[in-house]
Amino acid sequence: MPSATPSATARPTETPQPTSTPSPTNAPPTPTPAPTATHTPTPIPAATATPVRARPTQPAPQVAAFHYVFPVRSEGKISYGRFHHDYPAADIFCPIGSQFVAPTDGVVDFVSREDLWDPGTDDPAVRGGLSVAIVGDDGVRYYGSHLSQVADGIEPGVRVSAGQLLGLTGKSGNAESTDPHLHFGISHPTTPDDWQVRRGEIPPYNYLRAWQRGEDMTPKLP
Ligand SMILES: [Zn+2]
């Protein structure tokens, strides 16, 4: 190839290496100039034996380590507020059948494909109805409930990437008498039956706004 190599100039101290950006490859806004031909599909951080990539002393340019997307995709109207009743969470109102997508790369932690909620007993552990939770590579648990359907192949342990379909929104659980919405909770990783933590520990509002603007803002847990 006669073409000039794009990046090999004027970087005396740095060893040329295949510029690995930590964020996954599906961030649409910035088309990186694709310096190498090697295309690693999904960076799987810990599961496999990590090939040691020595990066001696680089003053790590402040790049967002994780990529985020708004957790609902819909052709209809989406609305949510800053406040949630009783505890921190967000009810994202949207038409039934809107897409609940992974807000960031991670691993599916919990799936409920059955609506076991009974208004008579109102067991808080099943108020979410059909639901999916993931634990992001950022160490944060993301929980979405009141779904009408869980996407095929979404099972605990399955790796998902930001924007991947987890399920369709609906009115399952104790949302049967409210406007259809996705209940979205951000928390520490926890056990699936720990409904008090999983339903939400911090208000998602500022993060939802940031992700809608295209900002990769990582939730800060208490
Ligand atoms: Zn809610």
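Author: Welcome! A residue counts as buried if 20 or more other C-beta atoms lie within 10 Å of its own. Please keep in mind that this is a predicted model.

Reader: How many of the 10 residues of S6 are buried?

Author: S6 spans residues 141-150. This strand is largely enclosed by the rest of the structure, because the buried residues among its 10 number eight.

Reader: Which strand does S6 pair with over six bridges, and in which sense?

Author: One pair in that link is alanine 133 with tyrosine 143, the latter being in S6. Four residues lie between the two strands of this hairpin, and glycine 139 there takes a positive phi near 85°. The partner strand covers residues 130-136. Over the six bridges, the sense is antiparallel and the partner is S5.

Reader: How many bridges are there between S6 and S9?

Author: Serine 145 has histidine 183 of S9 as its bridge partner. The two strands run antiparallel, and their bridges number five.

Reader: What is the bridge partner of glutamine 149 in S8?

Author: S6 also joins S8 in the antiparallel sense, through three bridges. Leucine 147 is matched there with threonine 169. For glutamine 149, the partner in S8 is leucine 168.

Reader: Which strand pairs with S8 in the antiparallel sense over three bridges and has residues 99-101?

Author: Phenylalanine 100 gives a clue, as its bridge partner in S8 is glycine 167. The strand with residues 99-101 that pairs with S8 is S3.

Reader: Which residues touch the most other members of the largest nonpolar core?

Author: This core has 34 residues. Strands S2, S3, S4, S5, S6 and S9 and helix H2 each give two or more residues to the core. Those touching the most other members are Ile92, Phe100, Val132 and Ile134.

Reader: Is valine 111 buried or exposed?

Author: Valine 111 sits in strand S4. Beyond four places in sequence, its contacts are Val132, Val150, Ile154, Glu155 and Pro156. Since 21 other C-beta atoms lie within 10 Å, valine 111 is buried.

Reader: What separates the C-alpha atoms of valine 111 and leucine 166?

Author: Along the chain, these two are 55 residues apart. In the model, their C-alpha atoms are separated by 9.6 Å.

Reader: What is the mean pLDDT of the protein chain?

Author: A pLDDT of 70 or more is reached by 71% of the residues, but over residues 1-16 the value is below 50. Where pLDDT is low, the predicted coordinates should not be read in detail. For the protein chain, the mean pLDDT is 82.

How values were computed: Residues numbered from 1 in each chain as written. Predicted model: local features only at pLDDT ≥ 70, side-chain atom pairs only at ≥ 80, totals over all residues. pLDDT = per-residue confidence, 0-100. Contact = placed C-beta atoms within 7 Å. Buried ≥ 20, exposed ≤ 12 C-beta atoms within 10 Å, placed from the backbone. Pairing = 2+ DSSP bridges. Core = buried A, V, L, I, M, F, W, Y, C linked by C-beta atoms within 7 Å.
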